[in-house]
Amino acid sequence: MRVRHTQRSVLLATCVTACLCTFTALAVAQSPPTHTTARGITGTLTLNHTGQTLRASLDQSLTAPLLVRVTDLTPSAPDTSEHRYRIDYIGAVAGTFDLRTLIVHHDGTSALELAPLEVQIASELPANFGTDLFGTPPAPNLVMSYYRLVLALIALLWIAIPIVLFVRRHLRKPPAPEPPPAKPSLTLADQLRPLIQAAMQRDLSIEDQARLELLLLAFWSERRALAHLAPALAIAQLRTDSEASPLLLAVEEWLHARGHSEPRPARDLMKLLEPYAAHAPIAVAQVARLAQAAPPAQVAR
Amino acid sequence: MTTLNSAPPTTGACPFADTVRAHVARTVVGQQVVVERVMIALLTGGHLLLEGVPGIAKTLIVQSVSKAIDLKFSRVQFTIDLLPSDILGSEILDQRTSEFRIHRGPIFTNLLLADEVNRASPKVQSALLEAMQERKVSIGATTHELPAPFLVIATQNPIEQSGTFELPEAQLDRFMLRHRFSYPTAQEESEIVRRSLALKLKRQGEGAVPMTAFDDIVDGSKLHVRDLSLAMEAVQNVHVSDVFLRDCVELVHLTRSHPDIELGCSPRAGLALTHASRARAFLHGRAYTIPEDFFALAEDVVLHRIRLTYEALAMSRKPADVLAEILRSLA
């Protein structure tokens, strides 16, 4: 009796399970599988079909909410007439679409006899945001929204900053010249006297003797407007110049002739420097440098 | 062409120079600075490189100077197929005695004019410049001393550079001076034409050819080699002060540190400037050198010894401009 009861329970459970399985299978078979793909992303669907070959409709518009194409067609198994179709689709607008509307037989006739091929195009945007790509409101990021304006501003700054720096640098006042070390009341003769004396007595270094001589030549060359001539020609002219030559030739002899020349009397020096008494001091910095090299006792007037 | 960078010579200051100038002036019009440079080279034993376009009496001047001092003169036209033995000489088998004898080349002379030296191959240039430096020539196993005085005056044409071998800096450095000829003035050119018109025909048997300026060079010279030696001794006695030496050394040093100069002057430049200045002082009748000598010769001594940087050349700077800048900065 107990055994019979157990068999009945098992039989009942088996029947219930079988019913549930059958119901589930029927439910699954009746509701078409829905593929979900994000908007703008290509989705793929595989379809087994026997009969006339299928293809995508030719009159699809690029601005349509959904685009479909058959990308692959292979036999499902050897020795069968069934083919496996690989169908790619891409949605521009969120919503549910049936791909059968965009698939036709090879001869162009409708393929609506196929089982529904529903796909879901999902959008990650909030609800009621709108799904039209071209009607999307500008992003809240200002830089991205006004990138043209931002780029124009950067370009403007790129040009303006160097110009401002350039103008500022040129408008800046030059540094104040160093105060002249020599008294303005001094004449050129006053400047030269201690130096010539030092050169005569060989108290100047070789460097300073050379500088003094070249300085005198440069002074007279400028004074006589001989700068356009070759230096040798200018010197040759100065050596015959009635005003310039006495001191130039004297310095030449003191500095270059063999042996030490006898120091000249002070009256000779005064006479040599006479042409310079009427001239303003020259080349202040250079003369000052030479004056520093001369012994202090002789520099003082 | 450079400007005349030297003062006109002083007549009466140096009898030796006056005699040479007077002799050269019989056939050559003007070009007194070039004659002075040739005399400086002769008096110091340095070699001279002359640059100038054809037809401005380069050969005539050199030949006239050689005649003026009674020097032996040879001229070699340098070409691409010239061999070192064509200049130096070679050993020749004498078929009568079956012995080798030495055939001396044209370098065995007092004054050698190497015309268009940059047209010869580097091998020939090198042989010549080596002989210039050492004043000796090896032919076979024997070394021969070159005559004294010995001076090479080379010429270059600065215009036609195709098919030439530019002398490298190391070889240019061996020339004490490089002088660039300037064209004669209009007045001088008139005199040149006038003298040419005065030349007569040269009779050779029954035939005749028009005389050239070379035929007009007078042979009878009043000076001889011993006069040149005496003048060279006098040059040795010209005093060079410490101040002048400072100027020379400073100039050479400034060429080495100038930002526009890639290759500055070698110590030879300082030596050349000092020795040449001494000779110039002698020619101008002075017993000591002065800054005028220094400035007159700086261009001829320095310009062929410096090489500007690529950047300076790109800025169209010229060596003469850079040198002028350096000379200004000396003061």
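Select D293(B) and R286(B): in this predicted model, the two side chains form a salt bridge, with the closest N and O atoms 2.7 Å apart. Both D293(B) and R286(B) are buried. Now extend the selection to R239(A), E252(A), E36(B), R37(B), R280(B), E292(B) and D300(B), which salt bridges with shared partners join to R286(B) and D293(B) in one network. Several of the stops below belong to this network.

**Helix α10 of chain B**

Keep D293(B) displayed and add S277(B), which lies in helix α10 of chain B, residues 267-283. Is S277(B) buried or exposed? S277(B) has 0% relative accessibility and therefore counts as buried. To see what surrounds S277(B), show F244(B), T289(B), D293(B), F294(B) and L297(B), its contacts beyond the neighbours within four places in sequence.

**Strand β9 of chain B**

Next, pick D300(B), one of the network members, together with R178(B), with which D300(B) is in contact. R178(B) sits in strand β9, residues 175-180 of chain B. With a relative accessibility of 12%, R178(B) is buried. Apart from neighbours within four places in sequence, the contacts of R178(B) also include L49(B), E51(B), L303(B) and H304(B).

**Across to chain A**

Select E292(B) and R239(A). These side chains meet in a salt bridge at 3.7 Å, N to O. For the interface of chain A and chain B, the count of salt bridges is two. Three residue pairs are in polar contact between chain A and chain B, with both residues at pLDDT 80 or more. On the chain A side, colour α5 (206-223), α6 (231-239) and α7 (245-256), each of which supplies at least two of the residues that touch chain B. Which of these helices gives the largest share? That is α5(A), with nine residues.

For the whole interface, display the 23 residues of chain A that are in contact with 25 residues of chain B. The two chains bury about 2,000 Å² between them, and 67% of that area is on carbon and sulfur atoms.

**Within chain A**

Stay on R239(A) and add E252(A). The closest N and O atoms of this salt bridge are 2.7 Å apart. E252(A) belongs to helix α7 and R239(A) to helix α6, so the pair ties together parts of chain A that are 13 residues apart in sequence. Compare the accessibility of the two partners. E252(A) is buried, at 5% relative accessibility, whereas R239(A) is partly exposed, at 23%.

**Two strands of chain B**

Return to chain B and select D115(B) and R75(B). Their side chains meet in a salt bridge at 2.6 Å, N to O. D115(B) lies in strand β5, residues 111-115, and R75(B) in strand β2, residues 73-77, so this pair ties together parts of chain B that are 40 residues apart in sequence. D115(B) is buried, with 7% relative accessible area, while R75(B) is partly exposed at 41%. Over all chains, the salt bridges number 29.

**Helix α5 of chain B**

Show residues 122-134 of chain B as a ribbon. This is helix α5(B), whose 13 residues reach 18 Å from the first C-alpha to the last, close to the 18 Å expected at 1.5 Å a residue. Add side chains for V124(B), Q125(B), A127(B), L128(B), L129(B), A131(B) and M132(B), the buried residues of this helix. In an α-helix there are 3.6 residues a turn, so residues three or four places apart point the same way. Step on to R135(B), which follows α5(B) and has a positive phi, near 55°.

**Two cysteines of chain B**

Select C248(B) and C265(B). C248(B) is buried, with a relative accessible area of 1%, and C265(B) is buried as well, at 4%. How many disulfides are there over all chains? The count is zero.

**Chain B as a whole**

Zoom out to chain B. It has 13 helices and 13 strands. Of its 331 residues, 51% are buried. Taking contacts in chain B between residues at least 6 apart in sequence, 77% join residues at least 24 apart.

Note on methods
Residues are numbered from 1 along each chain as its sequence is written. Chains are lettered from A and ligands numbered from 1 in the order in which they are written. This is a predicted model: local features need pLDDT of at least 70, side-chain atom pairs count only at pLDDT 80 or more; totals for chains, interfaces and linings use all residues. Side-chain values use heavy atoms; hydrogens and water are left out. Helices (H or I, at least four residues) and strands (E, at least two) are DSSP runs, numbered from the N terminus. The expected span of a helix is 1.5 Å times one less than its number of residues. Buried means under 20% relative accessible area, exposed over 50%, partly exposed in between (1.4 Å probe, protein chains only). A disulfide is a pair of cysteine sulfur atoms within 2.5 Å. Contact means heavy atoms within 4.5 Å. Buried area is the accessible area (1.4 Å probe) that two parts lose on being put together, summed over both. A salt bridge is a side-chain nitrogen of Lys or Arg within 4 Å of a carboxyl oxygen of Asp or Glu. A polar contact is a pair of N or O atoms within 3.5 Å; within protein, one must be able to donate a hydrogen and the other to accept it, and residues adjacent in sequence count only if both atoms are side-chain atoms.
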